[in-house]
Amino acid sequence: VYNPIEFGSTKRNGRSSLCAELNLPAGTPLVGTACRIARQKNPQSLARAIGLTLTRAPQAHGIVIGTGSPDAVAEMKSIIDECGVSPRVHWLGYRVDAPELISQLSIFVITSYWEGLPTTLLEAMSQKTPIAFLRGKGGLEDLDELNRAEGPIAAVADTVAELTDGIVANLDNPAAMQEMAERAFEVGKRHFDVQAVALKLEKFYCEVMSK
């Protein structure tokens, strides 16, 4: 039973404010993440996924929200440089408005080796932001299972190349991408909303007390 978040009647915000902040045309596709840049997050794969996506989607820009190990950030930037897309990747650092920024992304990406509770993925789902992630351990396994059983709710892959394929395919088909995000919202609300988790806990405690 995970800690819950609120899945309300969320209407996804437009991308105009973040685009305006970055001096980009309104509606520019934004591919990004929000995380602490650390080993657990597999930053090398994250940088490659963003870099390769931007090479195949020249109209798109990359967004990285968060800070972390200076060495890990430097390595990510080096990989982005190798992909030749550095001018289109924006490093926003720590932002108190990260949830609002997540709502403005075209697709939210995670490449973690493991996650206890992938809160940022759930936040993206709750705001109907499409998601993409590499298969990993912990809570990522649970979301992968929901993707198989009740999805598709995400672009899920085993490798960076496959993940890039999934991200680009979604960017090329906005209607299908938004349909996936709508389904992810419904699945997330069913399993991770505050009321749903409260009912699970009540059932669990009742079962324990009856033994």
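# Close-up views of a predicted model

**View 1. D144 and R148 share helix 6.** Both D144 and R148 belong to helix 6 (residues 139-150), where they sit four residues apart, about one turn of the helix. Please keep in mind throughout that this is a predicted model. The side chains of D144 and R148 meet in a salt bridge, with 3.0 Å from N to O. How buried or exposed are the two partners? D144 has a relative accessible area of 6% and is therefore buried, while R148, with 52%, is exposed.

**View 2. R148 also pairs with E145.** In this salt bridge the closest N and O atoms of R148 and E145 are 2.8 Å apart. R148 and E145 are three residues apart in helix 6, so about one helical turn separates them. An α-helix has 3.6 residues a turn, so residues three or four places apart point the same way. E145 counts as partly exposed because its relative accessibility is 40%. Stepping back a little, R135, D144, E145, R148 and D158 are linked in a network of salt bridges.

**View 3. A salt bridge joins R95 to E21.** Here the closest N and O atoms of R95 and E21 are 2.8 Å apart. The pair links distant parts of the chain, 74 residues apart: R95 lies in the loop between strand 3 (89-93) and helix 4 (98-103), and E21 in helix 1 (residues 16-21). E21 is partly exposed, with a relative accessible area of 40%. For the structure as a whole, the count comes to eleven salt bridges.

**View 4. Helix 8 and its buried residues.** Helix 8 (residues 174-192) has 19 residues, so at 1.5 Å a residue it should span 27 Å; its end C-alpha atoms are 26 Å apart, which agrees. Which residues of helix 8 are buried? They are M177, M180, A181, A184, F185, V187, G188, H191 and F192.

**View 5. The ring of F185 and its neighbours.** A search of the whole structure finds two aromatic pairs. F7 and F185 form a tilted one, 5.8 Å centre to centre with 55 degrees between the planes. This pair links distant parts of the chain, 178 residues apart, with F7 in the segment before helix 1 and F185 in helix 8. F7 is buried, with a relative accessible area of 3%, and F185 is buried too, with 4%. F185 also has a charge for company: the charged end of K128 sits over the ring of F185, 4.7 Å from its centre.

**View 6. F204 and Y205 form an aromatic pair.** The F204 and Y205 pair is tilted, with 5.7 Å centre to centre and 55 degrees between the planes. F204 counts as partly exposed at 46% relative accessibility, and Y205 counts as partly exposed at 48%. Both rings belong to a nonpolar patch on the surface, formed by L201, F204, Y205, V208 and M209, which together have about 540 Å² of accessible area. M209, placed in helix 9 (residues 194-209), is exposed, with 70% relative accessibility.

**View 7. A lysine sits over the ring of W91.** The charged end of K77 lies over this ring, 5.3 Å from its centre.

**View 8. D172 and E202, apart in space.** D172 is found in helix 7 (residues 160-172) and counts as exposed at 59% relative accessibility. How far apart in space are D172 and E202? Their C-alpha atoms are 44 Å apart, with the two residues 30 apart in sequence.

Definitions and conventions: Residues numbered from 1 in each chain as written. Predicted model: local features only at pLDDT ≥ 70, side-chain atom pairs only at ≥ 80, totals over all residues. Heavy atoms only, no water. Helix = DSSP H or I, 4+ residues; strand = E, 2+ residues; numbered from the N terminus. Expected span 1.5 Å × (residues − 1). Buried < 20%, exposed > 50% of the residue type's maximum accessible area, 1.4 Å probe, protein only. Salt bridge = Lys/Arg side-chain N within 4 Å of Asp/Glu carboxyl O. Patch = residues over 30% accessible without salt bridge, like charges linked within 9 Å, V, L, I, M, F, W, Y side chains within 5 Å. Areas by Shrake-Rupley, 256 points an atom, 1.4 Å probe, with all protein chains shown as cover. Phe/Tyr/Trp six-rings, centres within 6.5 Å; stacked < 30°, edge-to-face > 60°. Lys NZ or Arg CZ within 6 Å of the ring centre and 35° of its normal.
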